[in-house]
Amino acid sequence: MSKSPVILWGAVLGFALGGFFDGILLHQILQWHHLLSLVSWAGDLRFQVLWDGYFHALMYGIAVLGLWGLWRAHRRSGVEWGRNLAGALLVGFGAWHVVDGVLSHWVLGIHRIKLDSDSPLVWDLIWLVGFGLVPLLIGWTLLRSHRARLGSPRPSAVAVLVLAALTAGAGAWALQTPPDQPFTTVVFRPGMEAAEVMAAVAGAGARLVWTDAAMGVVVLDVDPERRWSLYRHGAVLVSGSGVPAGCIDWSSV
């Protein structure tokens, strides 16, 4: 079973989709944690948001690798698709949540599923079972039960294209700005002085709404057409400007 390139690369792509699911749902929509929420030396919000961005960038890279491998597998004759691909995706998806649960929650302790819960272990276990072990079991069952081979390469090409579209859609969704968001969140580069930040705000014709103590992260009331100008004045992330903002678009700071 492990010799099939469809299973190998399908699991790689499923692993990346598990990371997308985790980041979009828990970092952005529910905002239950950041990647490094429990790391004592990473308390600065700017640092937290940047590492969320690095996490998503890593998932993009793994997803591209999985799609590349599947496309190469499609060009070979005699490879198995059908349930094999579905099973591999579920195995990879479940594997992500098992690895994240064991490594990130319990071994490294860099975050938990629901930080503000009175029983964080309960939420960790619910997530581990529901999104880790259950998909792994279903995927493994599909892989074990599937014996048919598809001789035509066309279904495999369609499958790869559909998966590519779904992966691109997940990435695009992660970059969109929430509806009814009147303000813009900006992360400035490390080392900028408060006076420099205020000069950048004034240069963009913006009004300061909120700032953290170090003025590394600020919330502004600014004309959307002038958001991009903030990059010329030391900003490294600007919500509502697409790449590379990502999770910060959804941050309720």
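**Group meeting: aromatic pairs and a four-stranded sheet**

Hi everyone, let me start with one residue in this predicted model: Y60 has a relative accessibility of 32%, so it counts as partly exposed. What about F20, buried or exposed? At 1% relative accessibility, F20 counts as buried.

I bring these two up together for a reason. The structure holds 11 aromatic pairs, and F20 with Y60 makes an edge-to-face one, because the ring centres are 5.3 Å apart and the planes stand at 70°. F20 belongs to helix α1 (residues 5-29) and Y60 to helix α2, so this pair ties together parts that are 40 residues apart in sequence.

Next, the tryptophans. The rings of W32 and W127 are also edge-to-face, since their planes meet at 65°, with centres 6.0 Å apart. W32 sits in the loop between α1 and α2, while W127 is in helix α4 (residues 120-145), so here the linked parts are 95 residues apart. W32 counts as buried at 19%, and W127 counts as buried at 9%. Both take part in a cluster of ring pairs with F21, F93, W123 and F131. On top of that, K114 lies over the face of W32, 5.2 Å from the ring centre.

Now, the sheet. It is open, with four antiparallel strands in the order β2-β3-β1-β4. β2 (207-211) and β4 (235-238) are at the edges with a single partner each, so one side of each has no neighbour in the sheet. Three bridges join β1 (residues 184-188) to β4, and V186 stands opposite V238 of β4. Helix α2 (residues 45-74) packs on this sheet, touching β1, β2, β3 and β4. Thanks, everyone!

Methods
Residues numbered from 1 in each chain as written. Predicted model: local features only at pLDDT ≥ 70, side-chain atom pairs only at ≥ 80, totals over all residues. Heavy atoms only, no water. Pairing = 2+ DSSP bridges. Helix = DSSP H or I, 4+ residues; strand = E, 2+ residues; numbered from the N terminus. Contact = heavy atoms within 4.5 Å. Axes fitted to C-alpha atoms, helices over the stretch in contact; angles between N-to-C directions. Phe/Tyr/Trp six-rings, centres within 6.5 Å; stacked < 30°, edge-to-face > 60°. Buried < 20%, exposed > 50% of the residue type's maximum accessible area, 1.4 Å probe, protein only. Lys NZ or Arg CZ within 6 Å of the ring centre and 35° of its normal.
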